[in-house]
Amino acid sequence: MTEHPDLPRLQRRLTEFAAARNWGQYHTPKNLASALSVESSELVEIFQWLTPEESARVMSDPATAHRVRDEVADVLAYLLQFCAVLDIDPLTALSEKIDRNEHRFPAPGD
């Protein structure tokens, strides 16, 4: 895996990118949630008719791998923009959710 910038820096880049194009006016929580759903569906579409075995090998085909990476990037971009608009720290939200799930769904033997 390659090294990457931290999430706050990526969020700033996305905000600056949108601002430079005057897209901020469209980046409401509702619109960003809708865009996130659309991009997630585009990721699902890649896998729609694949067998479980084919889906496990999807990254071995360069053209398909490129599509998967692009859709993952789109999903993450909209999620980070959504979080920025609503002032949600996505890593804190994830950590808190894992904590709640560990209590809700204890591992066998706990």
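This report walks through a charged surface patch, two unusual backbone angles and an aromatic pair in a predicted model.

## Negative patch

Six acidic residues come together on the surface as a patch of negative charge: Asp 87, Asp 89, Glu 96, Asp 99, Glu 102 and Asp 110. If you want to find your way to Glu 102, look in helix H5, which runs over residues 90–104.

Asp 87, one of the patch members, sits in the loop between helix H4 (62–86) and H5. Its relative accessibility is 71%, so Asp 87 counts as exposed, the cut-off for that being over 50%.

## Positive phi outside glycine

Asp 87 turns up again here: its phi is positive, at about 55 degrees, even though the residue is not a glycine.

Asn 22 is another non-glycine residue with a positive phi, in this case near 60 degrees. Look for Asn 22 in the loop that links helix H1 (7–20) and helix H2 (29–47). With a relative accessible area of 52%, Asn 22 is exposed, because the cut-off is over 50%.

## The aromatic pair

How many aromatic pairs are there? The count comes to 1. The partners are Phe 17 and Trp 23, with ring centres 5.5 Å apart and 70 degrees between the planes. That makes the pair edge-to-face, because the angle is over 60 degrees.

Are these two rings' residues buried or partly exposed? Phe 17 has 41% relative accessibility and counts as partly exposed. Trp 23, at 38%, is partly exposed as well. Both labels follow because the values fall between the 20% and 50% cut-offs.

Technical notes. Residues numbered from 1 in each chain as written. Predicted model: local features only at pLDDT ≥ 70, side-chain atom pairs only at ≥ 80, totals over all residues. Heavy atoms only, no water. Patch = residues over 30% accessible without salt bridge, like charges linked within 9 Å, V, L, I, M, F, W, Y side chains within 5 Å. Areas by Shrake-Rupley, 256 points an atom, 1.4 Å probe, with all protein chains shown as cover. Salt bridge = Lys/Arg side-chain N within 4 Å of Asp/Glu carboxyl O. Lys, Arg positive; Asp, Glu negative; His and termini not counted. Charge placed at Lys NZ, Arg CZ, Asp CG, Glu CD. Helix = DSSP H or I, 4+ residues; strand = E, 2+ residues; numbered from the N terminus. Buried < 20%, exposed > 50% of the residue type's maximum accessible area, 1.4 Å probe, protein only. Phe/Tyr/Trp six-rings, centres within 6.5 Å; stacked < 30°, edge-to-face > 60°.
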